[in-house]
Amino acid sequence: GSTRHYHFDIKLKNITRLCRTKSIVAVNGKFPGPRVIAREGDRLVVKVVNHVPNNISIHWHGVRQLRSGWADGPSYITQCPIQTGQSYVYNFTISGQRGTLFWHAHFSWLRATVYGPLIILPKRNESYPFVKPYKEVPILFGEWFNADPEAVINQSLQTGAGPNVSDAYTLNGLPGPLYNCSSKDTYKLKVKPGKTYLLRLINAALNDELFFSIANHSFTVVEADAVYVKPFVTNTLVIAPGQTTNVLLKTKPQAPNATFFMLARPYFTGMGTFDNTTVAGVLEYETPSSSSSSISSKNRPLLKPGLPAINATNFVAKISSKFRSLATTRFPANVPQKVDKKFFFTVGLGSSPCPKNQTCQGPNGTKFAASMSNISFALPRTALLQSYFFAQSNRGYTTDFPAFPLHPFNYTGTPPNNTLVTNGTKVVVIPFNTSVEVVLQDTSILGAESHPLHLHGYNFYVVGQGFGNFDPNKDPAKFNLVDPVERNTVGVPSGGWVAIRFQADNPGVWLMHCHFDVHLSWGLRMAWIVSDGELPNQKLPPPPSDLPKC
Ligand code: C2O
């Protein structure tokens, strides 16, 4: 492969959306941020220079980072944040992956405006396992806040209340005509008839899974999280934050001047408020040059697609089960058939006590919290990977994250009286090349909700999912160990569970968390430490010299 250099200047930028002008943190003056393109096997060298008052770090979401954990990016996990005036060079090779991923800030809620596509093309002499598209189009879903996103989460953390919800969803940064004074800020996809377009869909929204559909069109899904899947056709998709989906869109053989709405709006089953608005973009067929009487686009009739109900959990379960690995000789599914170590983690909301002399606005005067296995993960003061690698005596974490919940209860039935979480920086340590199975169980402690769980440094196979409480005696018999989908982010079903497997062949410290930023900030995260293997190529090399210090 070749080496590709990028330069990211993190700077403030004035931008107007929904009739208000505000200053946002952005990369190279672009919103959404610049497109990063590489081929499988290439090395990416990205110099990030921080010119803003905020701390920041950049995460290459979904990149395996084989023995390059220092470039992964989550603040206080693999690196200290890049402070004002400082820089850091992310240097990593993309191996064994091709497809659509994205990059985003991994500090506080900066990813609200700091994100962009990361496109990995196949090696030069390799083709897609599907028809060659006429054109490739990245479509990023985002979430727009009129307020400063960092202020929104800081206020929630201080008062204990749910954060203010976003003011709009966006397609490639644009809210579209269903929002106040935003008709001119509408994403338009201009197409020719009778062609195949590859849409690279990326959900970069902060806190919402989204349904997406284009009126009178269907898609063929061909890839998820930069892994090819068995193609299937649907006219509606659901995509969680952190997930990417490639679909083929075949345009109609003839539709001169026709325009169709593409819409996205949330899937939501939780409690409390959410941004219940809809982003619209437009699919516009080109005007044939022969037609002199071309209707101006303003007067064209627009068709709106139907979307599932806001809480259509059954639709979500049905469509999720359609995602299957190709499982061919060229693209095999290397599902661990036997498991060395089993884990059972609960994921969900809870609460933490209100500090003395403070009034909290969360449930019953407490603060909202979120946890895995009832542990709300507290960020350490120094990056875990540094503490671990240099075996610092005051390492700031403990290795007692439990493999199974300490106090099991009926997770999807009546919630326990005690909703309090424990705070701690607890990790799981596993030896190199352990084959791991994790069952992720949603809890209904403060209401059942779907949680898009993301694992850094790995893809995993989604071997099973179901509603209610996971049954260790019955459910494993139904696991799919043949062609389960391989991904880096999976929705733990609302009121249900999901089982994943991965081979821990990448040494380092790897964050696993809910990709809703509100849950991430409330503590729904934990970390794995995967130790070095015996061989030289199974060890994590020392950090680059410019690794930021805390
Ligand atoms: Cu895209 Cu830790 O996240």
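This note walks through the domains, the core, the sheets and a few backbone details of the structure above.

1. Before we start, please keep in mind that this is a predicted model: local features need pLDDT of at least 70, side-chain atom pairs count only at pLDDT 80 or more, and totals for chains, interfaces and linings use all residues. Residue numbers start from 1 along each chain, following the sequence as written.

2. Let us begin with the domains. The assignment splits the protein into domain 1 (1-125), domain 2 (130-325) and domain 3 (341-538); such bounds come from an automatic or database domain assignment. Taken over C-alpha atoms, the centres of domain 1 and domain 3 are 25 Å apart. Their contact takes 16 residues from domain 1 and 17 residues from domain 3, where two residues are in contact if their C-beta atoms, placed from the backbone, lie within 7 Å.

3. What classes of residue does domain 1 have on the side that touches domain 3? There are seven nonpolar, five polar and four charged residues. Here Ala, Val, Leu, Ile, Met, Phe, Trp, Tyr, Cys and Pro count as nonpolar, Asp, Glu, Lys and Arg as charged, and the others, Gly among them, as polar.

4. Next comes the interior. The largest nonpolar core has 151 residues, and Phe141, Ile500 and Ala527 touch the most other members. A nonpolar core is a set of buried Ala, Val, Leu, Ile, Met, Phe, Trp, Tyr and Cys residues joined through C-beta atoms within 7 Å. A residue is buried if 20 or more other C-beta atoms lie within 10 Å of its own, exposed if 12 or fewer, and partly exposed in between, with C-beta atoms placed from the backbone. Strand E18 (residues 259-267) gives the largest share of this core, six residues. Leaving out residues up to four places away in sequence, Ile500 touches Val438, Phe460, Tyr461, Val462, Val463 and Val490.

5. Now to the sheets. Strands (E, at least two residues) and helices (H or I, at least four) are DSSP runs, numbered from the N terminus, and two strands pair if DSSP finds at least two bridges between them. One open sheet has four strands in the order E2-E1-E4-E6, with mixed pairing. Strand E2 (20-27) and strand E6 (87-93) stand at the edges with a single partner strand each, so one side of each is left without a neighbour in the sheet. From one strand to the next, the twist averages 20°; axes for such angles are lines fitted to C-alpha atoms, for helices over the stretch in contact, and angles run from 0 to 180 degrees between N-to-C directions.

6. Strand E1 is a good place to look within that sheet. Strand E1 (residues 3-17) pairs with E2 in the antiparallel sense over eight bridges. Ile15 has Lys22 of E2 as its bridge partner, and Thr16 has Thr21. The two strands form a hairpin with two residues between them, and Leu18 in the turn has a positive phi of about 50°. With strand E4 (residues 43-50), E1 pairs in the parallel sense, also over eight bridges; there Phe8 stands opposite Val48.

7. Another open sheet of four strands runs in the order E3-E8-E7-E5, with mixed pairing. Its edge strands, E3 (36-39) and E5 (58-61), each pair on one side only. E5 is joined to strand E7 (residues 99-105) by four bridges, running antiparallel, and His61 stands opposite Phe102 in E7.

8. How many residues of strand E17 (residues 244-250) are buried? Six of its seven are, leaving the strand mostly covered. Strand E12 (residues 196-203) joins E17 through seven antiparallel bridges, with Leu198 opposite Leu248. Strand E14 (residues 219-224) also pairs with E17 in the antiparallel sense, over five bridges, and Val221 has Val247 as its bridge partner.

9. Finally, some backbone details. Most residues other than glycine have a negative phi, and most peptide bonds are trans. The peptide bond from Phe31 to Pro32, however, is cis, with omega near -15°; Pro32 lies in the loop between E2 and E3. Arg67, in the loop between E5 and E6, has a positive phi near 55° and is partly exposed, with 19 other C-beta atoms within 10 Å. Asn374, in the loop between strand E22 (367-372) and strand E23 (375-377), has a positive phi near 65°. Asn374 is buried, with 22 other C-beta atoms within 10 Å.
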